[in-house]
Each structure stands twice: as C-alpha cells, then as structure tokens.
Amino acid sequence: MGRRTEEAATRAPVNRGLAVERAVAVADGEGIEAVTMRRLARELGVEAASLYHHVSGKDEILDGLVDLVSAEIELPTRTDGWRSAIRQRAHHTRAVLRRHPWAVALMASRTMPGPATLRLLEAGIRYLREGGFTVEAAAHAISTVDSYVHGFVLQEVNLPFRDESELTAMTGAIMDQFPRTDFPYLFELTVEHVLQPGYSYGNEFDVGLEVVLDGVDARLGSART
C-alpha cells in the first residue's frame, strides 16, 4: 500500500496534454490502432473511467495527436519568395510525417483541426498570397502541394521493403514471374533505374516536388494579382 501511495505521489498529474503525449508514444511504437482509452489510462496509471475527467473521449485524443504532430512542423522563417517558402514547408512536413508514420492518414480524417494545424495551413496560404497569387490560385496551389506531400509520404511509409537488399529481392521475385516482353518499359525502368546502386525511393520526392512547383508557377502564376 505504501509503495502504491509513493508511486501516485511522484506520478505527473493527469491532464489532456499528458494524455496526448502518451498517445503519440504509443502510436509511434505500436501504431494508431493501439491508442485506446483503456491503454492510455494504463499508461497514465489511472482507471479508464477517471481519464474521462480530462478528455471527452478518443476523438479528442485523435484531434490532439494531429495538432501535436502539426506543431512539430517547423515553419520557414527566412525565404526568397513563395517558392522557397513552400518548398521548405513541404520538406519540413515530410520529415515530421516520416517520424510519425501513422499521422498522414489520420490527418485527412479529422474534422476539428487545432491551432497548430491551422497555423500550418495559414502559413502556406500566406506565402502564396504574399507572393502575388489570387485567393483562388492560392487555394488551388496549396491543395496541389499538400496532396503531393501527403500522398508521397503515405506511399513512402508503407513501402514493402526497408533497404536495397529487400528491394532487390522483391523486384527479382516479381520479374521472375512474368515475361519481360509483356512489360518491356517497366522492366527497363526497374533494371536501369530502380536496381541501380544507391537507389532510394525517397530521392523521388525532390524531383516530384519541383515538377509540382513548376506546374503551380506555370498554370497559376498568370493568376497573380
């Protein structure tokens, strides 16, 4: 009894912020499916029912998770115009979402964004508007860039291989099952690009981002105010 009293005395007081922090740790270690109210209560050393005194339910925890991840994304401070700012924002977003692989899918599902999430979106729109984009053009541009970044990360964190050796084994097994004549260009790309030493799928991000930014500039640049 005395030991449990001592542990309770030294334990940090339960609050929403602490609950969300523990939820991030659980999600990072075991996936978002492991984040339940019962699990969080156990992590915090309290009864599940008492956790509801601090948060209304799992939805509040999930909203908090998204906003905590958004708060980790560093906003550009010194830039050379809208393109530099949007590029930096894209790279910072990707870096954080890779640290929390579960977050990219969760972000798209929440309906109650927090202040950090809104600041991230506000910053992206501001760079474009101050770069001369009209309201409509800024809306199209931020949607295009964020869709690219989130979509790329979603693929990246779910790749069925971890390194070059696993990629080589996987592609080799696939190529052994099908004749080269049925997929000549796919085989060509695989052999001459994917299976070359030093290949990393992540290297495609910069190329794709510049293509997106070129397209934004070419298609929407004429709509600048």
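Author: In this predicted model, a residue counts as buried under 20% relative accessible area, as exposed over 50%, and as partly exposed in between.

Reader: Why is histidine 140 called partly exposed?

Author: Histidine 140 has a relative accessible area of 39%. The partly exposed class lies between the limits of 20% and 50%, so histidine 140, at 39%, belongs to that class. Histidine 140 is part of helix α9. Its C-alpha atom is separated by 8.1 Å from that of leucine 220, 80 residues apart along the chain.

Reader: What makes glycine 29 count as exposed?

Author: The relative accessibility of glycine 29 is 60%. The exposed class requires over 50%, and glycine 29 is therefore exposed. Glycine 29 is found in helix α2. Between the C-alpha atoms of glycine 29 and isoleucine 73 there are 20 Å in space, for 44 residues in sequence.

Reader: Why are tyrosine 148 and phenylalanine 205 called a stacked pair?

Author: The structure holds six aromatic pairs. In the pair of tyrosine 148 and phenylalanine 205, the rings are 5.5 Å apart, centre to centre, with 25° between the planes. Two rings pair if their centres lie within 6.5 Å, and planes under 30 degrees apart count as stacked. The values of 5.5 Å and 25° satisfy both conditions, so the pair is stacked.

Reader: How do you know that this pair links distant parts of the chain?

Author: Tyrosine 148 lies in helix α9 and phenylalanine 205 in helix α12 (residues 204-220), with their positions 57 residues apart in the chain. Both tyrosine 148 and phenylalanine 205 are buried.

Reader: What makes the pair of phenylalanine 178 and phenylalanine 183 edge-to-face?

Author: The angle between the planes of phenylalanine 178 and phenylalanine 183 is 90°, and their rings are 5.8 Å apart, centre to centre. Planes over 60 degrees apart count as edge-to-face, and the pair at 90° is therefore placed in that class. Phenylalanine 178 counts as partly exposed because its relative accessibility is 40%. Phenylalanine 183, with a relative accessible area of 36%, is also partly exposed.

Reader: Which residues do ring pairs link into a cluster?

Author: The cluster consists of Tyr148, Phe152, Tyr201 and Phe205.

Reader: What makes a set of residues a nonpolar core?

Author: The members must be buried residues of the listed nonpolar types, joined through side-chain atoms within 4.5 Å. The largest nonpolar core has 31 residues, of which Val35, Leu51, Ile61, Leu65, Val69, Leu97 and Trp102 touch the most other members. At least two residues of this core come from each of α2 (16-30), α3 (37-44), α5 (58-72), α6 (82-99) and α7 (103-107). Helix α2 supplies the largest share, seven residues. A second, separate core has 27 residues, including Ala123, Phe133, Val194 and Leu220.

Reader: With which residues is leucine 51 in contact, leaving aside its neighbours within four places in sequence?

Author: Leucine 51 is in contact with Val14, Ala19, Met37, Leu40, Ala41 and Leu44. In α3, Met37, Arg39, Leu40, Ala41 and Leu44 are buried. The buried residues of α3 pack against α2, α4 (48-51) and α5. Glycine 45 follows α3 and has a positive phi, near 75°.

Reader: What is known of the largest pocket, in space and in lining residues?

Author: The largest pocket holds about 470 Å³ of space. It is lined by 22 residues, and the closest to its centre are Met107, Thr117, Leu121, Asp146 and His150. Helices α5, α6, α7, α8 (115-130) and α9 (135-156) each give two or more residues to this lining. Helix α9 gives the most, with five residues. By class, the lining has 12 nonpolar, six polar and four charged residues.

Reader: Where is aspartate 146 found, and with which residues is aspartate 146 in contact beyond its neighbours within four places in sequence?

Author: Aspartate 146 belongs to helix α9. Its contacts beyond those neighbours are Arg89 and Leu121. The C-alpha atoms of aspartate 146 and isoleucine 86 are separated by 9.7 Å, with the two residues 60 apart along the chain.

Reader: How do the residues of the lining of the second largest pocket divide by class?

Author: The second largest pocket has about 260 Å³ of space. Of its 15 lining residues, Thr171, Ile174, Leu186, Thr190 and Val194 are the closest to its centre. The elements giving two or more residues are α10 (164-177) and α11 (184-194). The lining divides into 13 nonpolar, two polar and no charged residues.

Note on methods
Residues are numbered from 1 along each chain as its sequence is written. This is a predicted model: local features need pLDDT of at least 70, side-chain atom pairs count only at pLDDT 80 or more; totals for chains, interfaces and linings use all residues. Side-chain values use heavy atoms; hydrogens and water are left out. Buried means under 20% relative accessible area, exposed over 50%, partly exposed in between (1.4 Å probe, protein chains only). Helices (H or I, at least four residues) and strands (E, at least two) are DSSP runs, numbered from the N terminus. Contact means heavy atoms within 4.5 Å. On a 1 Å grid over the protein atoms alone, a cavity is a set of points where a 1.4 Å probe fits but cannot get out, and a pocket is an open set with protein on both sides within 12 Å along at least five of seven lines; lining residues have an atom within 4 Å of a point. Grid points are joined across faces, edges and corners, and a volume is the space filled by probe spheres set on the points. Ala, Val, Leu, Ile, Met, Phe, Trp, Tyr, Cys and Pro count as nonpolar, Asp, Glu, Lys and Arg as charged, and the others, Gly among them, as polar.
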